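The following exercises are to be worked with the sequence and the coordinates at hand. Each task is followed by a solution in steps.

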Amino acid sequence: MISLQELHGQIEQLHTHYDMRFAGHARVTRNPHLMAAMIGQITQIQSRLSEVTTTDPNSHAFVLGLCFERLGLYKKERSEIQTAQKTVGKHGVAAAHKMSDVNFLLNRYHRDFGGEERETRDPGLLGELISALQAIVLGLETDTAQLDQTALQTAGVDVAWVQRQLDALTGEREAILRAQDAGSLDVRAAVLAELANSQFDRHRRHFNEQPRISRRPELLTDMIANLEETLTRMQRLHAQDAFLGNNQQNIDVVERHLAAWREQLPTLLELRRVATPA
């Protein structure tokens, strides 16, 4: 028979799940069905508590009271999630999820670019974030056209704010490129070599020794575009100084990697096509 301590542990484990998936998140983006499942779980624990025999009635009363408290909290949370989502409708829910995606992308930006020297940053990676934000803005404009001001506020949607973030990232990418092109030819060649190496490392992390069916061709397409941009910048340096350090050797290495990645891409696209239901 399960012990009181074990049931108490299950209650706390369930509440940890609540803290991660619900606490502090916009209710309009939460899944009421997941909350319903948690209500079912806490109800089962409550039922099992009646079967527990214990020599410590105070502890039993505490755990039972905690169970009732959590059950009430989860029911209230489910009701408020349903109310919020009904208030904003399907377009408001979709827009709120897009705002969550915006925050995720901005967190990536601050993690990878915030406080770092511009000369060392990868403009290609920032370009990927910008492209993703541009797609979100287009989706938000479609969603918000169906919403009034009250629904926008309830959903926590602010398209103008997202556009300002997009403009700031676009300006930062331009500043990174200017900073990287401001040094001597030797310094610029070294920066580009480092960018290429970081792109090679990224490919190894995401594609080497990984099942091809699980790999995203969209990511490889972005990586090819980034490496092509690095190659173009290396070739511009070569046009200014054909004997610049290891630049020609770096160009040869980048061209070999690009050829391999381009050869890999059709295979991933075909695997995606075959795996996608008709």
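**Exercise 1. The lining of the largest pocket**

Task: Determine which helix gives the most to the lining of the largest pocket, and sort that lining by residue class.

Solution. The structure is a predicted model.
- Step 1: The largest pocket has a volume of about 520 Å³. Its lining comprises 22 residues, and those closest to the centre are Arg108, Asp112, Leu125, Glu128 and Arg202.
- Step 2: At least two lining residues come from each of α3 (57-112), α4 (123-144), α7 (185-207) and α8 (217-240).
- Step 3: The greatest contribution is that of α7, with 6 residues.
- Step 4: Sorted by class, the lining holds 11 charged, 7 nonpolar and 4 polar residues.

**Exercise 2. Overall form**

Task: Establish how many helices and strands the protein has, and decide whether the chain is spread out or compact relative to the globule rule.

Solution.
- Step 1: The secondary structure consists of 9 helices and 0 strands, so the order of elements from the N terminus reads α-α-α-α-α-α-α-α-α.
- Step 2: For 278 residues the globule rule gives 19 Å, whereas the radius of gyration is 26 Å, well over that value; the protein is therefore more spread out than a compact globule.
- Step 3: The box filled by the C-alpha atoms, taken along the principal axes, is roughly 85 × 50 × 45 Å.
- Step 4: Of the 278 residues, 38% count as buried. The protein exposes about 15,900 Å², of which carbon and sulfur atoms supply 51%.
- Step 5: Among contacts between residues at least 6 apart in sequence, 78% join residues at least 24 apart.

**Exercise 3. Two histidines**

Task: Classify His203 as buried or exposed, do likewise for His60, and list the contacts of His203 and of His60 beyond four places in sequence.

Solution.
- Step 1: His203 is placed in helix α7, and His60 in helix α3.
- Step 2: A residue counts as buried under 20% relative accessible area. His203 is buried because its relative accessible area is 7%.
- Step 3: His60 has a relative accessibility of 17% and therefore also counts as buried.
- Step 4: With residues up to four places away in sequence not counted, His203 touches Asn208, Leu220, Met223, Trp261 and Gln264.
- Step 5: With neighbours within four places likewise left aside, His60 is in contact with Leu4, Leu49, Val52 and Thr54.

Notes: Residues numbered from 1 in each chain as written. Predicted model: local features only at pLDDT ≥ 70, side-chain atom pairs only at ≥ 80, totals over all residues. Heavy atoms only, no water. 1 Å grid on protein atoms, 1.4 Å probe; cavity = no way out; pocket = protein on both sides within 12 Å on 5 of 7 lines; lining within 4 Å. Points joined across faces, edges and corners; volume = space filled by probe spheres on them. Helix = DSSP H or I, 4+ residues; strand = E, 2+ residues; numbered from the N terminus. Nonpolar A, V, L, I, M, F, W, Y, C, P; charged D, E, K, R; others polar. Buried < 20%, exposed > 50% of the residue type's maximum accessible area, 1.4 Å probe, protein only. Contact = heavy atoms within 4.5 Å. Rg over C-alpha atoms; globule rule 2.2 N^0.38 Å. Areas by Shrake-Rupley, 256 points an atom, 1.4 Å probe, with all protein chains shown as cover.
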